[in-house]
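Dear colleague,

I am passing on the model we spoke about, and my notes on it follow below. Please read them with the structure open beside you.

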Amino acid sequence: MNLNMTPTHIPVLLEETVRALSVQPGGRYIDCTVGGGGHAAAILQRSSPGGQLLGIDADPRAVAVARVRLAAYHSSFRLVNDNFANLQNICLKYDFFPVHGILFDLGLSSLQLGDDERGFSFQHDAPLDMRVNPDLSVSAADIVNTYSEAELADLLRTYGEEILSRRIARRIIGERPVQSTLQLAQIVERAAGGRRGKIHPATRTFQALRIAVNHELDNLRGALKQAVKLLGFEGRLVVISYHSLEDRIVKQFLQREAKGCVCPPETPVCICGHTPSLRLINRKVITPSAEEIERNPRSRSAKLRAAERVINSTDEYHGAAEGLCFVTNGGSWKRPLLLSKLRRTYSLS
Ligand SMILES: C[S@@+](CC[C@H](N)C(=O)[O-])C[C@H]1O[C@@H](n2cnc3c(N)ncnc32)[C@H](O)[C@@H]1O
């Protein structure tokens, strides 16, 4: 792959993301889905001088592309080819916590969707693969060709919210082996009785398979929990999602973390002891403008949610704040605004 010839991915909701992360000079940020490096470049630019970024991606090709894109920022970033499900371990390994902001820009990049060999899209004929990380053991073809009819229907209903799941599953079973993206798209189209409307009938089937192959929803649930623990006081968590299953997980997670007691309503006295760890930044979800959708149609389903870390005790303060001191480019110690504010809050010397 010639990285200089690779088509670029246009970052979605770029300005809104940088604002929601409240990027500040000298800040320390994690981009859990570095992709083509578009958001990461903006974060590095706005956090200069002294900003640091840890970029993660499960796709080794994305990491290679991001490395080229971010080369101008030299030693201000580190890229790691790993799954964000391992977020906490990655940060421990590189001693990169607490941080001022964490970004998840979920889904796939245009580089992946446009790659004729990956099988993510039915716009090109390709082997039915769909693994973001090529080391994963199960591909979409494995699922389509080995699951029972009931298992396939269940998968299409759960991860694709496909109302024709049983009909499509039956048709797939009848036409196995299914090896390519176009073959699968045509089978689904026939099962659905042809095309109606703008959305291709195979869209939900492809979404379901991709989610299953890459364990997308479980990875997201696990990573959100870890992210909160890595944020310093007033650190920001920003998530951009592209379909309702992801967005529901993010919305429910943020709402729960922003609450005090989470006991069932019928419980007379609180027994959960839950305290808020986040404060919601935007109660209403942020979506792209008509102008952005016109310029970048892939942004049309994007939903941005953001929250800020709140600290409940001095113990938590120590964990979340001390590490926010770091050395600037000039070599002197910088005390971020956040830390001095914290010290006032807790009257520490
Ligand atoms: C929409 S793209 C990100 C684009 C990026 N924000 C940019 O501006 O170029 C999503 C990226 O997340 C990566 N990804 C998806 N699931 C992941 C996971 N569980 N762990 C790490 N990376 C993941 C994909 O490989 C893809 O490169």
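**The central sheet and what packs around it**

Strands β5 and β7 pair in the antiparallel sense over 6 bridges, where two strands count as paired if DSSP finds at least two bridges between them, and where helices (H or I, at least four residues) and strands (E, at least two) are DSSP runs numbered from the N terminus. Please keep in mind that this is a predicted model, in which local features need pLDDT of at least 70 and side-chain atom pairs count only at pLDDT 80 or more, while totals for chains, interfaces and linings use all residues. Residues are numbered from 1 along each chain as its sequence is written.

Within the pairing of β5 and β7, S241 stands opposite K303 in β7. On the β4 side, 6 bridges join β4 to β5, and these two strands run parallel, with D105 opposite I240 in β5. Of the 11 residues of β5, 11 are buried, so this strand is largely enclosed by the rest of the structure; a residue is called buried if 20 or more other C-beta atoms lie within 10 Å of its own, exposed if 12 or fewer, and partly exposed in between, with C-beta atoms placed from the backbone.

These strands belong to an open sheet of 7 strands, in the order β3-β2-β1-β4-β5-β7-β6, whose pairing is mixed. Its edge strands are β3 and β6 (278-280), each of which pairs on one side only. Neighbouring strands of the sheet are turned by 20° against each other on average, direction ignored, where axes are lines fitted to C-alpha atoms, for helices over the stretch in contact, and angles run from 0 to 180 degrees between N-to-C directions. At the β6 edge, 3 bridges join β6 to β7 in the antiparallel sense, and R279 stands opposite E308 in β7. Helix α12 (residues 244-257) lies across β5, β6 and β7, running at about 20° to β7.

Towards the other edge, strand β1 (residues 28-31) pairs with β2 in the parallel sense over 4 bridges, and I30 has L54 as its bridge partner in β2. In a regular strand the side chains alternate between the two faces of the sheet. In β2, Q52, L54 and I56 point one way and L53, G55 and D57 the other way, and all are buried; with 6 of its 6 residues (52-57) buried, β2 is therefore largely enclosed by the rest of the structure.

On its other pairing, β2 is joined by 5 bridges to strand β3 (residues 77-81), and the two run parallel, with L79 in β3 as the bridge partner of G55. The chain crosses from β2 through helix α3 (residues 60-69) to β3 in a right-handed β-α-β crossover, right-handed meaning that, with the strands pointing away from the viewer, the path from the first strand over the helix to the second runs clockwise. Likewise, β1, helix α2 (residues 38-46) and β2 make a right-handed β-α-β unit.

V80 lies in strand β3 and is buried, with 20 other C-beta atoms within 10 Å. Leaving aside residues up to four places away in sequence, V80 touches L54, I56 and I90, contact being taken as C-beta atoms, placed from the backbone, within 7 Å.

Among the helices, α1 (residues 14-21) has E16, T17, V18, A20 and L21 buried, and what covers its buried residues includes β1, α2, β4 (99-105), β5 (231-241) and β7 (303-309). After α1 comes S22, whose phi is positive, near 55°.

Helix α7 (residues 149-160) and helix α10 (residues 203-214) pack at an angle of about 95°, with their axes 8 Å apart. The two are therefore roughly perpendicular to each other, on a scale where angles under 35 degrees count as roughly parallel, over 145 as roughly antiparallel, 65 to 115 as roughly perpendicular and the rest as oblique. Their contact is made by L155, L156, Y159 and G160 of α7 and by R204, T205, Q207, A208, I211 and A212 of α10.

For the protein as a whole, there are 15 helices and 9 strands, and buried residues make up 43% of the 349 residues.

With best regards

How values were computed: Contact = placed C-beta atoms within 7 Å.
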